[in-house]
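Subject: Structure handover and what was found in it

Dear colleague,

I am passing on the structure we spoke about, and I would be glad if you opened it beside this message. Please read slowly and look up each residue as it comes.

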Amino acid sequence: MSNVVEIARAARLASVSMQAVTNEQKNEALLKIKQVLGERREEIFKANEQDKQIAEELVKAGKLSGSLFKRLDVCQGDKFDTILSGVSDITQLPDPTKKVTMATKLDDGLELYRLTVPVGVLLTIFEARPEVVVNISCLALKSGNAVILKGGKEATHTNAALARVIQDALASLPATNGIPREAVQIVETREDISALLDLDRYVDMVVPRGSNSLVKYIQNNTRIPVLGHADGLCSVYIDKEADIEKAAKIVVDSKTNYTAACNAAETLLVHESLLQTGGFATVGTALLKAGVTVKCDAESLSVLSKTEAANEFKSQIQEASSEDYDTEFLDMIIAVKVVPDVEGAILHINEHGSKHTDAIVTENKETADYFMTRVDAAGCYWNASTRFADGFRYGFGAEVGVSTNKTHARGPVGLEGLVIYKYKLIGNGNGAGDYGSGKKQYKHEAIQPTDYKL
């Protein structure tokens, strides 16, 4: 049996053990993980510095993007403390498993229940962002799942250190806890991933977090269900009835708050009337002053080039190509397009967007409702930055990823995306042949929670 198959089989056995673990035992494990991560902070920082030194050379050589390099650092500022507080936040979340979502009395002595249960074994593949090791491991454990992790080679040392610390924390739990060390495992090579993607016998769901090419590769090379998104092509539409002060703040935040994130805005759609009223000039100037390169279509270019800011920020005003409206820049760049009305904005987003998150800025509720109803995206916002599309900001504690699929989980995915359901039928010697024409009839009555037999 190969090493990869052994890892997958161990994860499957761990996931079976996890089915019976209580919420108290899960929280005990999470708090132990937080404690040991804190105690071994220096070990993790040392590994992260190794990765950053190697990555710096790759950036200089043009072999690694600046956006991936930014995501690599776990030492900067209060980032590590934020990671630790995220673990505590997950302990405060309700256990998503063992919840009854339907209870039906089919007949006297024959009761049907639908309960939430863990998915089983998760395979999470991600690029850079080593904190994903902690986030995903803790969300997996809280939801009763085992997880196999594969990070990008640019964070090899950090990922290995974090996974090692988490496994050591699990191994130090009392024997009564029930969560095995094998509930969290890590693999390191691309060959391991290719092998794991074939193991649908053991792996229940793949959660990729990374570039378009990574997600597409996974989607095209496995029979295992994939929860994720390939692109983050988010747009902000400024309506003719927008408050321009709000619009400038929202657009600048959506673009610049963290450009490397999948929820950063890449396209700005502008109602044509704002070219005459000065509304676009105000927003465009705000973007230029924030350091954003603004790629304009012909109409918006004509207006922005004539603003007072044009001379000072001339190099940041550029002509857009058709490809720019299908590009996830992940940088201080935004593409601008003028549209005739809200319908034009919707058509553009549904044609070029990635079904991630799109926003409208307007003071007209009917227009906002029209936009949010017709835009086909996991998140549709009114007068708010696209950067709010995040599991932590939604109150999920942390997120597994963002799904643009139309499956059981969509948008930022937290604990609820890591459970499915099973049916439990409790009878007393009943047979299906007892029911039918001229025989017993089903009652199909709702069972009140106080009468549950589980």
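What follows goes from the whole chain to its helix pairs and then to single residues.

Please keep in mind from the start that this is a predicted model. The protein chain has 454 residues, of which 54% are buried, and its secondary structure comes to 16 helices and 17 strands. Along its principal axes the C-alpha trace spans about 80 × 65 × 35 Å. If you take the contacts between residues at least 6 apart in sequence, 73% of them join residues that are at least 24 apart.

Helix pairs

Two packed helices are described by the angle between their axes and the distance between the axes. Three pairs are described below in this way.

The pair to look at to begin with is helix H3, residues 41–60, and helix H7, residues 156–171. Their axes come within 7 Å and cross at roughly 160°, and because angles over 145 degrees count as roughly antiparallel, H3 and H7 are roughly antiparallel to each other. The crossing of these two helices is left-handed. On the H3 side the residues that meet H7 are Glu43, Ile44, Ala47, Asn48, Gln50, Asp51 and Ile54, and on the H7 side they are Thr156, His157, Thr158, Ala161, Leu162, Arg164 and Val165. Sorted by character, the residues of this contact divide into six nonpolar, five polar and three charged.

One of the H7 residues in that contact, valine 165, deserves a separate look. How buried or exposed is valine 165? Its relative accessible area is 0%, and because buried means under 20%, valine 165 counts as buried. Leaving aside residues up to four places away in sequence, valine 165 touches Val36, Leu37, Arg40, Glu43 and Ile44. Valine 165 also lies 7.6 Å from isoleucine 33, C-alpha to C-alpha, although 132 residues separate the two in sequence.

Isoleucine 33 leads on to the second pair, where Ile33 is one of the H2 residues in contact with H6. Helix H2 (residues 23–39) and helix H6 (residues 131–142) pack at an angle of about 160°, with their axes 9 Å apart, and H2 and H6 are therefore roughly antiparallel to each other. Their crossing is right-handed. The contact is formed by Asn23, Lys26, Asn27, Leu30, Ile33 and Leu37 from H2, together with Val134, Cys138, Leu141 and Lys142 from H6, and these residues divide into six nonpolar, two polar and two charged.

In the third pair, the axes of helix H10 (residues 244–256) and helix H12 (residues 279–289) come within 9 Å and cross at roughly 35°, with a right-handed crossing. Here Ile244, Ala247, Ala248, Val251, Val252 and Lys255 of H10 meet Gly279, Thr282, Val283, Ala286 and Leu287 of H12. The residues of the contact divide into eight nonpolar, two polar and one charged.

Cysteines

How many disulfides does the structure hold? The count is zero. Cysteine 138 is in no disulfide, and the nearest cysteine sulfur, which belongs to cysteine 75, is 19 Å away. Cysteine 138 is buried, with a relative accessible area of 0%. Cysteine 380 is likewise in no disulfide, and for this residue the nearest cysteine sulfur is that of cysteine 234, at 11 Å.

Some single residues

Isoleucine 193 lies in helix H8 (residues 190–196) and is buried, with a relative accessible area of 5%. Not counting residues up to four places away in sequence, isoleucine 193 touches Leu123, Ile125, Lys150 and Val187. Its C-alpha atom is separated by 49 Å from that of asparagine 364, which is 171 residues away along the chain.

Finally, two backbone angles are worth finding in the loops. Leucine 330, in the loop between strand E10 (317–319) and strand E11 (333–339), has a phi near 50°, a positive value in a residue other than glycine. Lysine 355, in the loop between helix H15 (342–352) and strand E12 (357–361), has a positive phi too, near 65°, and lysine 355 is partly exposed, with a relative accessible area of 32%.

With kind regards

Key. Residues numbered from 1 in each chain as written. Predicted model: local features only at pLDDT ≥ 70, side-chain atom pairs only at ≥ 80, totals over all residues. Heavy atoms only, no water. Helix = DSSP H or I, 4+ residues; strand = E, 2+ residues; numbered from the N terminus. Buried < 20%, exposed > 50% of the residue type's maximum accessible area, 1.4 Å probe, protein only. Contact = heavy atoms within 4.5 Å. Axes fitted to C-alpha atoms, helices over the stretch in contact; angles between N-to-C directions. Parallel < 35°, antiparallel > 145°, perpendicular 65-115°, else oblique. Left-handed = near helix turned anticlockwise from the far one by under 90°. Nonpolar A, V, L, I, M, F, W, Y, C, P; charged D, E, K, R; others polar. Disulfide = S-S within 2.5 Å.
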